[in-house]
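Here are my notes on the structure you sent, set out as numbered points. They deal with empty space, confidence, a few helices and strands, and some single residues.

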Amino acid sequence: MPSFSDFDCAQMARALQLAALGQYSAHPNPMVGCVIVKNERVVAEGWHERAGEPHAEIKALAAAGNDARDATVYVTLEPCAHHGKTPPCAEALVQAGISKVIAAMQDPFPSVAGRGFEVLRNAGVTTEVGLMQTAAESLNAGFIARVTRNRPMVRIKVAASIDGATAMKSGESQWITGPEARDDVQRLRARSGAIMTGIGTVLADDPSLNVRLKELTAAGLQPLRVVLDSNLRMPLSAGMLALAGETLVCCTGKHDYARLREAGAEVRSYAADGAGVDAAAVLSDLAERGVNDVLVEAGPGVAGYLLQKELVDELVIYQAPHIMGSETRSMFHTPSWLALADRKRLEISDVRRIGDDTRITARVQY
């Protein structure tokens, strides 16, 4: 591992901040930030905003102009070396006369995966990798999951009382958490390529599953809405079918798809897993569509199924400061776990106040 200075760390931290500006618009591409430094002076910055537009390095090079020659580039991801919707960034860096590239991590995408560094080194550009790698990997965890595991990163969002209830026995659940937490969920949705729910939630609550905060919809992007509906009970009156964006209804077996397709939904049949849709097959399909992150907003049945199948990467729990009692609905429906050894271990990565509520972010340890 190369030795990095405090100055190097500060520049990469800034590059990571720039990369995060693309969290609502860059997908399915990874978020990337770039800082160009010459004589320990920042001469240009750039970040990747959306697919098909210039990458972070290209934007920074354009801003730097002639100052790019003999400069050092700090970038959060290995510069690309392939022709996609845009030309290779590695070649652009060489042509600009960059003398050194410090990257946070290697790009896991097969068309790059070390080739960008190879282009740079063959041209005499000094390259170093690994500075703030963990932070860079966390920023693009969904992209990494898609290209290395052929499935998106899966987050389950839960709103619950402090005693773990998600609804009263009658099903009443609006609103457990406050407006600040609900706005925060809007940001989670905007970061996601798809939002998944079950038909039970659709029939009970008629959710919209769209992004409604104006500052998050300026680019006109809406996540794909995915409904697990093995017996194709999706009603034509479902509110989400009338909204901007796409809806994918996932069923099993053969059904009459025409009514839903005429209403604007896409309907696909998948293999069955017990009485429901094989969610692993759906996630694989979503990866093929370029979805990096899936946010699950569903009832305890779907949430428990995904957890039991070890398809959940992260939980985001909004915990409200009140007690709803014992006659309530829980976060997860699971098989009978009779021993402590059956429990699922969580690694809490973040805890913070959101209005009057507490948001707990935790990785599931399998």
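1. A cavity is taken here as a set of points, on a 1 Å grid over the protein atoms alone, where a 1.4 Å probe fits but cannot get out. By this rule one cavity of 30 Å³ or more is counted. The volume of the largest cavity is about 50 Å³. Its lining is made up of Y24, H27, A190, S192, V211, L216, L221, Q222 and P223. By class, that lining has six nonpolar and three polar residues, with no charged ones.

2. Please keep in mind that this is a predicted model. Mean pLDDT over the protein is 91, and 97% of the residues score at least 70. Where is confidence lowest, and where is it highest? The lowest mean, 74, belongs to strand β7 (residues 167–168), and the highest, 98, to strand β14 (residues 293–296). Where pLDDT is low, predicted coordinates should not be read in detail.

3. Next, the open space. The second largest pocket holds about 810 Å³. It is lined by 32 residues, and those closest to its centre are Q23, S138, R155, R191 and E314. Two or more lining residues come from each of α5 (133–139), α6 (141–149), β6 (153–161), α7 (179–191), β15 (314–320), β17 (345–354) and β18 (357–365). Which of the elements gives the most to this lining? Helix α7 does, with four residues. The classes in the lining are 12 nonpolar, 10 polar and 10 charged residues.

4. R189 deserves a look. This residue sits in helix α7. Is R189 buried or exposed? Its relative accessibility is 8%, under the 20% cut-off, so R189 counts as buried. Leaving out residues up to four places away in sequence, R189 touches I195, S208, L209, N210, V211, R212, P223, L295 and E297. Of these contacts, V211 and P223 also appear in the lining of the largest cavity.

5. Helix α6, one of the elements that give two or more residues to the pocket lining, is mostly covered, with seven of its nine residues buried. The buried ones are A141, G142, F143, I144, A145, R146 and V147. They pack against α5, β6, α10 (279–288) and β14. Just after the helix, N150 has a positive phi of about 55 degrees.

6. Helix α11 (residues 300–308) can be read in a similar way. Its buried residues are P300, V302, A303, G304, L306 and L307. Which elements do the buried residues of α11 pack against? Their packing partners are β6, β8 (194–198), β9 (224–228), α10, β14 and β18. After the end of α11, E310 takes a positive phi of about 60 degrees.

7. Strand β15 is mostly covered too, with six of its seven residues buried. Strands β6 and β15 run parallel and are joined by seven bridges. Within this pairing, A160 has Q319 of β15 as its bridge partner. Strands β15 and β18 run antiparallel, with six bridges between them. There the bridge partner of Q319 is T358 in β18. Q319 is therefore bridged to A160 as well as to T358, which places β15 in pairings with both β6 and β18, given that two strands pair if at least two bridges are found between them.

8. R352 lies in strand β17. At 43% relative accessibility, between the cut-offs of 20% and 50%, R352 counts as partly exposed. Apart from neighbours within four places in sequence, R352 is in contact with D357, T358 and R359. T358 is also the residue bridged to Q319. From R352 to D8 the C-alpha distance is 29 Å, with the two positions 344 residues apart in sequence terms.

9. Last, L203, found in helix α8 (residues 199–205). L203 has a relative accessible area of 44% and so is partly exposed. Not counting residues up to four places away in sequence, L203 touches R233 and P235. L203 and M234 are 31 residues apart in sequence, and their C-alpha atoms are 7.7 Å apart in space.

Methods: Residues are numbered from 1 along each chain as its sequence is written. This is a predicted model: local features need pLDDT of at least 70, side-chain atom pairs count only at pLDDT 80 or more; totals for chains, interfaces and linings use all residues. Side-chain values use heavy atoms; hydrogens and water are left out. On a 1 Å grid over the protein atoms alone, a cavity is a set of points where a 1.4 Å probe fits but cannot get out, and a pocket is an open set with protein on both sides within 12 Å along at least five of seven lines; lining residues have an atom within 4 Å of a point. Grid points are joined across faces, edges and corners, and a volume is the space filled by probe spheres set on the points. Ala, Val, Leu, Ile, Met, Phe, Trp, Tyr, Cys and Pro count as nonpolar, Asp, Glu, Lys and Arg as charged, and the others, Gly among them, as polar. Buried means under 20% relative accessible area, exposed over 50%, partly exposed in between (1.4 Å probe, protein chains only). Contact means heavy atoms within 4.5 Å. pLDDT is the predictor's confidence in each residue, from 0 to 100.
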